[in-house]
Amino acid sequence: MNITVIGRGRVGGGLARLWEKAGHEVRALGRDGGDASDADVVVVAVPGNSIAEALQRVTGLKGQVTIDTTNLYTERDSAFPSLSHQIKSVIGGPTAKSFSTVFASAYEQIGAQRVTPSSLYAAEPDAKGITARLIGDAGFDPVYVGDLDPGARLLEDSSALTRALAGQMGPFFYRYARPGEL
Ligand SMILES: NC(=O)c1ccc[n+]([C@@H]2O[C@H](COP(=O)([O-])OP(=O)(O)OC[C@H]3O[C@@H](n4cnc5c(N)ncnc54)[C@H](OP(=O)(O)O)[C@@H]3O)[C@@H](O)[C@H]2O)c1
């Protein structure tokens, strides 16, 4: 797959490395932007309060399948129910949210775990299959929470729980499984 990641920091740069290892073509853009017209999938990995500015600097955004990884620690723009909806209002393609509840600092240790860690995701129907595949190709087990509405906001609102847990135990993996599957 041809993937353009907007943001090449801990999340964007980290996912780019994982997906390149899995055989994908990945271009990671920094704050200066660039062109995404070749992309089959666009991944947004910039600070939640920089989404509008970051997307403005990227050309070739034209309805691609989009995966939003962002969280927000400042006030929310009340025009959008979630950051994913804000991103969809610009790119316009089938949209999903994932990787927002997992720690970039632990990406390199995924392969060394006894069981595959989960990554929760919310997705519109036409983004679901590609998102599940890319979560798997990054080394995680995809766990679907439902459609973008209300799934994306549920994931964003869970960031306070993630931070509280990280305050107790540092960066962590998690696994959701049905009884008998662990
Ligand atoms: N770190 C984590 O473990 C983690 C986990 C889950 C979710 N998240 C979320 O994922 C997103 C990315 O986090 P990160 O930790 O990867 O951040 P980061 O390491 O600070 O990287 C941010 C990236 O966004 C780019 N960017 C584009 N426009 C920007 C602007 N206007 N202002 C600032 N940066 C801009 C930066 O460009 P340059 O390279 O040119 O500076 C950089 O590549 C955030 O929404 C964060 O809340 C992070």
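Two strands count as paired here if DSSP finds at least two bridges between them. With that criterion in mind, the tour goes through a predicted model, beginning with one of its strand pairs.

Select β7 (residues 95–98) together with β8 (residues 118–123): these strands pair in the antiparallel sense over three bridges, and at one of the residues concerned, lysine 97, the bridge partner in β8 is alanine 122. Keep β8 selected and colour it by burial, and the strand will appear mostly covered, with five of its six residues buried.

Next, add β9 (residues 141–146), which runs parallel to β8 and is joined to it by five bridges. Alanine 122 serves again on this side, since glycine 146 is its bridge partner in β9, while serine 119 stands opposite proline 142 of β9. To follow the chain from β8 to β9, trace it through helix α4 (residues 125–137), and note that this β-α-β crossover is right-handed.

Now select α4 itself, and within it the buried residues Ala127, Ile130, Thr131, Ala132, Leu134 and Ile135. In a helix of this kind, residues three or four places apart point the same way, because there are 3.6 residues a turn. The buried residues of α4 pack against α1, β4 (41–44), β6 (65–68), β7, β8 and β9. Just after the helix, stop at glycine 139, where phi is positive at about 105°.

Widen the selection to the whole sheet, which is open, has seven strands in the order β2-β1-β4-β6-β7-β8-β9, and shows mixed pairing. At its edges lie β2 (25–29) and β9, each of which pairs on one side only, and from one strand to the next the twist averages 25°. Against this sheet α4 packs by touching β4, β6, β7, β8 and β9, its direction making about 165° with that of β8. Helix α1 lies across β1 (2–6), β2 and β4, and runs at about 170° to β2.

Finally, show the ligand and the shell around it. Which residues are closest to the ligand? Of the 23 residues that surround it, the closest are Gly9, Val11, Gly30, Thr70 and Asn71. Both α1 (10–21) and α2 (51–56) supply at least two residues of this shell, and α1 gives the most, with three residues. If you colour the shell by residue class, you will find eight nonpolar, eleven polar and four charged residues.

Conventions: Residues are numbered from 1 along each chain as its sequence is written. This is a predicted model: local features need pLDDT of at least 70, side-chain atom pairs count only at pLDDT 80 or more; totals for chains, interfaces and linings use all residues. A residue is near a molecule or strand if its C-beta atom, placed from the backbone, lies within 6 Å of it. Helices (H or I, at least four residues) and strands (E, at least two) are DSSP runs, numbered from the N terminus. Ala, Val, Leu, Ile, Met, Phe, Trp, Tyr, Cys and Pro count as nonpolar, Asp, Glu, Lys and Arg as charged, and the others, Gly among them, as polar. A residue is buried if 20 or more other C-beta atoms lie within 10 Å of its own, exposed if 12 or fewer, and partly exposed in between; C-beta atoms are placed from the backbone. A crossover is right-handed if, with the strands pointing away from the viewer, the path from the first strand over the helix to the second runs clockwise. Two residues are in contact if their C-beta atoms, placed from the backbone, lie within 7 Å. Axes are lines fitted to C-alpha atoms, for helices over the stretch in contact, and angles run from 0 to 180 degrees between N-to-C directions.
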